Amino acid sequence: MDGGGQYNPRTVEEVFRDFKGRRNGLIKALTTDVEEFYQQCDPEKENLCLYGFPSEQWEVNLPAEEVPPELPEPALGINFARDGMQEKDWLSLVAVHSDAWLLAVSFYFGARFGFDKADRKRLFNMINELPTVFEVVTGTAKKQTKEKSSNHSSSKSKSDSKARASESQAKYQKPMPQKEEDEVLDEEEDEDEHGDTLCGACGMNYGTDEFWICCDICEKWFHGKCVKITPARAEHIKQYKCPSCSGKRARP
């Protein structure tokens, strides 16, 4: 199922790389690929699991047949709860179980290949530097960042526009050829304020040298490359909806 028998990371760095790949795959399923993920989790089918792979891909499939399995298994039967709760609550529940599975897989490798106390602590600290799948899916990490900044408003403020665009209505940031002293100070303040902003798709941090776009519905920020939006295309978008919000449907 997972290819665990063919790929066995043996060092702390290799296990962490494996963790990041699986994590990114799960985040894709629950954010940018959420519509496809939703459709695959048909409650009429048998017990289904969500798998993330080191290649940053994801898959909804039946659990492994062998007992015990080669690797710890994800939560079983995620499809059964799909139509019994609000979609965002269901996605949050899947995200929580996905976080638990990621840790189980990583520390399975640690136990199997004899990580000592120092190795286990280093692995956990490396993992803990990343926001959880749940935090990315629910936007919790970004909300925590906002609460730490007393000057950051709950809606997209003028500071967002000034820091990330050269025009008042622009939705992306591009570097200015020359900066006055006041502009440099504004940029430094913005880095302090938004340095912990996370991409709603991949969960990585905000960077001033990267193109970002904000969803007008959920107000999450995304790398342009993660949602396949270029600066040129963004200029012609009056109201941007991220893949998750574009696929929202009315729930009973």
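## Exercises on a predicted model

Helix H1 is mostly covered, with 14 of its 19 residues buried. Keep in mind that this is a predicted model.

**Exercise 1.** Work out how the span of helix H1 fits the expected value.

*Solution.* Start with the range: H1 covers residues 12-30, which makes 19 residues. Next, take the distance from the first C-alpha to the last, which is 27 Å. At 1.5 Å a residue you'd expect 27 Å, so the two are close, given that the expected span is 1.5 Å times one less than the number of residues.

**Exercise 2.** Find the salt bridge between Arg22 and Asp18 and place it in the structure.

*Solution.* First, the contact: their side chains meet at 2.7 Å, N to O. Then the location: both sit in helix H1, four residues apart, or about one turn of the helix. Residues three or four places apart point the same way, because an α-helix has 3.6 residues a turn. Finally, the surroundings: Arg22 and Asp18 are both buried.

**Exercise 3.** Is Arg82 buried or exposed?

*Solution.* Look at the pair first: Arg82 and Asp83 form a salt bridge, 2.9 Å from N to O. Arg82 has 11% relative accessibility, so it counts as buried, the cut-off being under 20%. Its partner Asp83, at 45%, is partly exposed.

**Exercise 4.** Describe how strands S1 and S2 go together.

*Solution.* S1 (residues 49-52) and S2 (residues 58-61) run antiparallel, joined by four bridges. One of the pairings puts Cys49 opposite Asn61 in S2. Now the turn: five residues lie between the strands of this hairpin, and Glu56 there has a positive phi of about 70 degrees.

Key
Residues numbered from 1 in each chain as written. Predicted model: local features only at pLDDT ≥ 70, side-chain atom pairs only at ≥ 80, totals over all residues. Heavy atoms only, no water. Buried < 20%, exposed > 50% of the residue type's maximum accessible area, 1.4 Å probe, protein only. Pairing = 2+ DSSP bridges. Salt bridge = Lys/Arg side-chain N within 4 Å of Asp/Glu carboxyl O.
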